[in-house]
Amino acid sequence: MEIKLWREILNPYELAVREIKVKLEHLITEHRELGEYSPIETVNGRVKSISSILDKAQKKKIQLDQIEEEIEDIAGLRIICQFVEDIEKVVALIRSRTDMEIKSEKDYIKNMKNSGYRSYHLIVYYTVETMKGSKRLQVEIQIRTLAMNFWATIEHSLQYKYKKNIPDHIRKRLSKAADAIIILDNEMSSIRNEIMDAQNSFQIQANIVADILNNIQNLYKVANKREVLKIQDEFYRIYELNDLEQLERFHKQLDIIAEGYHAQDIPSKK
């Protein structure tokens, strides 16, 4: 098959990965702007290389004209979560979407592979719009915790190095590492509420600070400069105290001041 034809095949998959990645990252933004915990930590995506597609087609004895039907992971996304409990929430979010249709699911968390691999896999149908019209594609979505991803990345590197024939002594050590990952995930789940509270507090503070700085910047355009400098100094003083309650009070007071100047700028109706 000519390289040009490969590009025509793979371009829609690259578009699908970009679009889905943007949509999932927007979910992170929505949660955080609302001061809520996001079950999604990060999202990564890729399209298989031509050599990887050919290797898989050869291994599974798939004809080249059947690769789009038979190979489900030409396009792939990986969603990383902080906690095991988040994985179920992310799966539920994907199930509820109208722009994706789930074809199949594989739960390698409850049903861990013999190697120690753990992850949740979804194959979804996703439609992209191209110059030649709509195209419905298969996309693989893997969902795992940070700890699971660390183990899987190391295992993948070893598989590549040893050409999928990892020596037994290394396999045993990988298996022990997989057990340690399970313990780590369980420990993180046991203090999940405390971690989430800390992260939510940080995000709330970040949102408040951003709003305060935006208000101060706007006041420079309409208020007395000396007055604005006093407000700015007061903000720095409160910020250094690292007291969220005081910061929230200052934020509300600044909103009232900003609204007052905004009202002055609105021309009165005759």
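Lys and Arg count as positive here and Asp and Glu as negative, with His and the chain ends left out. The legends below describe a predicted model.

**Figure 1. Charged side chains of the protein chain.** The protein chain carries 42 positive and 43 negative side chains. The centres of these two sets are 6 Å apart.

**Figure 2. Overall fold and extent of the protein chain.** The protein chain contains 9 helices and 5 strands. Along the sequence these elements run in the order α-β-α-α-β-α-β-β-β-α-α-α-α-α. The protein chain is more spread out than a compact globule, because its radius of gyration is 25 Å, well over the 18 Å that the globule rule gives for 270 residues. Measured out along the principal axes, the box filled by its C-alpha atoms is roughly 80 × 50 × 30 Å.

**Figure 3. Surface and contacts of the protein chain.** The exposed area of the protein chain is about 17,200 Å², and 51% of this comes from carbon and sulfur atoms. Of the 270 residues, 38% are buried. When contacts between residues at least 6 apart in sequence are considered, 63% join residues at least 24 apart.

**Figure 4. The largest nonpolar core.** This core has 40 residues. The members that touch the most other members are Ile40, Ile79, Ile87, Ile94, Val139, Ile141 and Ile143. At least two core residues come from each of the helices α1 (3-33), α2 (50-59) and α4 (84-95) and from each of the strands β1 (42-47), β2 (75-81), β4 (120-130) and β5 (133-145). Helix α1 gives the most, with 11 residues. In soluble globular proteins, nonpolar side chains tend to be buried together.

**Figure 5. Surroundings of Val139.** Leaving aside residues up to four places away in sequence, Val139 touches Ala16, Ile20, Glu72, Ala75, Leu77, Leu122, Ile123, Val124 and Tyr126. Val139 is also among the residues of the largest nonpolar core that touch the most other members.

**Figure 6. A second nonpolar core.** Separate from the largest core, a second core comprises 13 residues. Among them are Ile212, Val228, Ile231 and Leu247.

**Figure 7. Asp86 in helix α4.** Asp86 is placed in helix α4. Its relative accessibility is 0%, so Asp86 counts as buried, the cut-off for buried being under 20%. Apart from residues up to four places away in sequence, Asp86 touches Tyr37, Pro39, Cys81 and Arg192.

Conventions
Residues are numbered from 1 along each chain as its sequence is written. This is a predicted model: local features need pLDDT of at least 70, side-chain atom pairs count only at pLDDT 80 or more; totals for chains, interfaces and linings use all residues. Side-chain values use heavy atoms; hydrogens and water are left out. A nonpolar core is a set of buried Ala, Val, Leu, Ile, Met, Phe, Trp, Tyr and Cys residues joined through side-chain atoms within 4.5 Å. Buried means under 20% relative accessible area, exposed over 50%, partly exposed in between (1.4 Å probe, protein chains only). Helices (H or I, at least four residues) and strands (E, at least two) are DSSP runs, numbered from the N terminus. Contact means heavy atoms within 4.5 Å. The radius of gyration is taken over C-alpha atoms; the globule rule is 2.2 Å times the number of residues to the power 0.38. Accessible areas come from the Shrake-Rupley method with a 1.4 Å probe; for residues, only the protein chains shown count as cover. The place of a charge is taken as NZ of Lys, CZ of Arg, CG of Asp or CD of Glu.
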